[in-house]
Amino acid sequence: MLNAHRDRWAFFIFVKNAYELKDIVLTIIMFCALSVLNAQERFTISGTVTDASSNETLIAVNMLIPEEKTGTTTNEYGFYSLTLPEGRYKFVISYLGFATIEEFIVLDKDIIRNYALNESTEFLDEVVITQDIERINIRNAQMSVNKLSINTIKQLPVVLGEVDVVKSITLLPGVTNAGEGSSGFNVRGGAADQNLILLDEATIFNSSHLFGFFSVFNPDAIKDIKLYKGGIPAKYGGRLSSVLDIYQKEGNSNSFHMNGGLGLISSRLLAEGPIKKEKGAFLFGGRTSYAHFFLPLFDVKNIAYFYDLNTKLNFRLDPNNSIYLSGYFGRDVFAIADSFENSYGNAVLNFRWNHLFSDKLFSNLSLIYSDYDYDLKLNFVEFDWTSGIRNFNVKYDLKHYLNDKFKLEYGLNSIYYKFNPGDITPTTETSGINPFKLIDKYAFENAVYLDAQHQLNDRLNLSYGLRFSTFWRLGQDELNSYENDEPVIFNQDLQIYQKAEPLEVMTYNRSDVIASFNTFEPRFAAAYLINDDTSVKVSYNRLSQYLHLLSNTSSPTPLDVWAPSGKYIKPQLLDQLAIGYFKSLNENAYSIEVESFYKSIKNRIDYIDGANLIANNAIEQVILNGKARAYGIEFLLKKNDGKLKGWLAYTLSRSEQQTKGRNNTEPGINSGQWYNTPYDKTHDLSLTAAYDLNDSWTFNANVLFQTGQPTTYPISQYEYNGISIPNYGLRNSNRLPNYHRLDISANYKPKSKRNKAYKSEWVFGIYNIYNRKNAASITFRQNRITGTNEALRLAIFGIVPSVSYNFKF
């Protein structure tokens with residue numbers, strides 16, 4: 001009863017806080033709106049842009065007025081609004097893979113005009129180059145953003161034929177991962193937990209299946225993908241390094257269709273159709289692996305499989321109101337005989353309401369639930385371990401199209417978190433294991449933001465905004481207190497850091513606020529147009545991160561747990577500055593992007609030597625606050641047209657961390673020196689190419705080279721009782737061997753009659769064609785015969801052929 005009362009009280013505060021933030025936003029907006037109004041009579045053209053075949057809204061469609069060198073793009077829900085002085089204009093609507101529309105409009109009154117674009121060709125989501133959606137926008141102030149179409153991602157050669165959204169973005173400059181079989185990704189020298197991954201606005205806490213071999217995103221259900229590496233808009237917050245914003249398809253409201261694929265590891269199937277024609281649609285997609293079904297044939301009792309379920313419903317109530325219900329449910333299961341079983345997964349649900357207040361003011365209200373849980377059954381010791389993180393999020397976002405030169409985005413969101421660090425339950429009465437529950441933790445994260453896109457003149461475009469975030473660490477059942485509030489002490493005699501003994505254990509009510517933090521997060525970007533094909537851009541952003549992933553591995557694992565900032569763990573703060581040069585060549589046939597960045601991070605957590613992170617009820621006893629920095633230069637050359645298309649990406653960068661002693665008598669971590677983070681990659685080079693031989697055959701290739709991952713090797717050894725024991729050097733002062741590989745694939749599209757509904761495609765691939773044994777890790781052990789220490793290299797993949805079959809009807 002007490003816990004139920006606390007949860008109701010927490011939810012009341014959650015809603016009340018969001019309501020109070022609304023008044024602040026509206027006051028700011030009124031001031032900004034008045035500052036840009038003028039006496040000249042203007043009129044607005046607005047509406048939505050859809051795919052004519054499915055009636056699904058299209059994101060980022062170009063809505064251009066060429067002679068005025070102005071325009072806009074559709075938002076995440078296909079809506080656009082453009083306000084111009086009275087007159088007659090040529091209006092151009094263009095989008096990748098669709099026929100361009102050109103027409104003349106007369107603006108002498110407000111106009112609502114919806115457009116339905118026809119595909120320029122029809123075939124299984126193939127890449128059609130009419131105007132490349134991934135070409136850089138020279139004029140836009142936004143920089144450090146990469147957008148890959150799902151069609152491009154589907155063509156990339158991949159391991160075992162499994163299309164992988166997360167692996168595909170590692171082919172972009174500034175994006176790496178910890179190697180094969182690793183989960184997550186790293187952006188500009190940042191940690192994997194510093195990436196905000198959103199699926200239909202809901203947070204995904206673990207983006208990988210099978211411990212990193214595949215991503216959780218079903219490519220058939222994905223509509224739009226955008227990665228922000230810097231210059232991050234004010235509507236995003238909570239992570240330092242990047243935002244990966246992914247939207248699912250809405251479903252076909254015109255007719256029923258199905259598509260899917262059969263691969264060596266998994267198969268997928270997606271169905272979509274109208275709830276009510278041209279007003280509402282449904283989408284259901286499923287994906288599952290099935291290799292474990294064949295293991296019993298070889299007398300293998302192990303199990304390893306995953307599954308996904310993507311769902312979406314949408315309905316247009318009237319011209320000004322639409323509602324959406326979307327969800328994702330995924331699970332991984334891995335078991336070795338009867339010894340243990342490991343399962344983990346994400347579950348998200350999002351209800352959204354789009355409302356159009358006027359032809360200039362668009363709003364979206366989202367109610368979001370997100371849950372990630374981890375379960376480990378150890379049958380040989382007869383207990384079950386569970387942990388997880390759950391949140392409830394209320395978001396209200398508005399986009400105000402004041403005129404063709406000035407647009408505003410503003411809104412608020414409030415998130416309630418519940419953290420379950422771990423719960424141990426005996427599975428039998430004779431196990432000898434006592435039930436043990438780590439203390440649950442609770443928190444509120446709130447934010448209000450304002451963003452402006454401002455075209456000052458024909459050459460200078462600005463984007464500027466401010467995000468104000470707050471974080472409240474709420475009361476929990478038990479919390480240790482320490483002398484001088486220092487849970488870690490330094491033993492002068494042994495010259496090591498150790499856990500401090502608690503003075504007392506304090507108890508709080510759920511309604512108590514243990515610690516609170518407030519952060520102003522300014523955002524700024526500018527683009528100066530040198531000529532129609534060349535611009536220079538600069539951006540600055542400050543971000544805060546109140547959640548920390550407790551992990552001492554180079555890539556996240558399902559066993560890692562999330563911890564909130566609080567009395568002993570400070571929020572991470574980042575300042576990033578970037579400058580770039582952007583050029584379009586030969587009428588956009590080629591494009592060049594060069595960016596340089598510098599990142600400075602405060603309060604990056606570090607771990608004392610020998611830190612135990614698993615089942616630790618006082619994690620503050622093994623953590624010290626340090627700082628980090630990353631800097632580098634990125635180069636991207638793209639060929640957008642012709643039979644041969646692709647890009648060359650290169651990044652030269654450095655990522656370092658430092659944790660000094662808290663006073664002159666302490667050495668800190670690594671003797672207080674800067675050292676390489678586990679995700680530092682000095683050189684990162686990738687070449688991606690696609691060649692359209694004819695209407696049936698397309699060939700693709702990837703070449704990758706990366707500097708080896710930092711690691712720590714022994715520098716000497718000593719003997720104790722006849723056993724050789726290695727002595728390790730400074731942290732991450734060594735590296736694994738350099739990583740490189742070549743992948744190829746071929747797509748074959750059988751010819752079919754133009755009116756035939758069924759279409760198919762074969763995809764043949766070879767991953768790591770020259771069988772490079774890239775090191776995932778190097779460990780050291782004592783040779784049982786010679787008694788000497790030896791190095792053991794672990795490689796995940798050699799050469800891997802694959803074949804898959806895709807279909808659509």
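A residue counts as buried under 20% relative accessible area, as exposed over 50%, and as partly exposed in between. The structure described here is a predicted model.

**Trp 353 and the nonpolar patch**

Trp 353 has a relative accessibility of 32%, which means that this residue is classed as partly exposed. Trp 353 belongs to strand E23. Trp 353 is also one of the residues that make up a nonpolar surface patch of about 820 Å². The other members of this patch are Ile 275, Phe 284, Leu 309, Leu 313, Leu 325, Phe 329, Leu 349, Phe 351 and Leu 367. At least two residues of the patch come from each of strand E21 (303-318), strand E22 (321-336) and strand E23 (340-356). Strand E23 gives the largest share, with three residues. In a regular strand, side chains point alternately to one face of the sheet and to the other.

**Strand E26 and its partners**

Strand E26 spans residues 406-426 and is mostly covered, with 16 of its 21 residues buried. The pairings of this strand are listed below.

| Strand paired with E26 | Sense | Bridges |
|---|---|---|
| E25 (residues 383-403) | antiparallel | 19 bridges |
| E28 (residues 441-455) | antiparallel | 14 bridges |
| E27 (residues 436-437) | antiparallel | two bridges |

The connection from E25 to E26 is a hairpin of two residues. Within this pairing, Gly 388 has Asn 420 of E26 as its bridge partner. Toward strand E28, Phe 406 is placed opposite His 454. In the pairing with E27, Ile 424 is bridged to Phe 436, a residue of E27.

**Asp 575**

Asp 575 is located in strand E38, which covers residues 572-585. Its side chain forms a polar contact of 2.4 Å with the side chain of Tyr 540. Leaving aside residues up to four places away in sequence, Asp 575 touches Tyr 540, Asn 541, Arg 542, Tyr 598, Lys 599 and Ser 600. Tyr 540 therefore appears in the contact list of Asp 575, where contact means heavy atoms within 4.5 Å, and the 2.4 Å pair also lies within the 3.5 Å limit for a polar contact.

**Summary**

The patch of about 820 Å² includes Trp 353, a partly exposed residue at 32% relative accessibility. Strand E26 has 16 buried residues out of 21 and pairs with E25, E28 and E27. Asp 575 in E38 makes a side-chain polar contact with Tyr 540.

Conventions: Residues are numbered from 1 along each chain as its sequence is written. This is a predicted model: local features need pLDDT of at least 70, side-chain atom pairs count only at pLDDT 80 or more; totals for chains, interfaces and linings use all residues. Side-chain values use heavy atoms; hydrogens and water are left out. Buried means under 20% relative accessible area, exposed over 50%, partly exposed in between (1.4 Å probe, protein chains only). Helices (H or I, at least four residues) and strands (E, at least two) are DSSP runs, numbered from the N terminus. Two strands pair if DSSP finds at least two bridges between them. Patches are made of residues with over 30% relative accessible area and no salt bridge: like charges are joined within 9 Å, nonpolar side chains (Val, Leu, Ile, Met, Phe, Trp, Tyr) within 5 Å. Accessible areas come from the Shrake-Rupley method with a 1.4 Å probe; for residues, only the protein chains shown count as cover. A salt bridge is a side-chain nitrogen of Lys or Arg within 4 Å of a carboxyl oxygen of Asp or Glu. A polar contact is a pair of N or O atoms within 3.5 Å; within protein, one must be able to donate a hydrogen and the other to accept it, and residues adjacent in sequence count only if both atoms are side-chain atoms.
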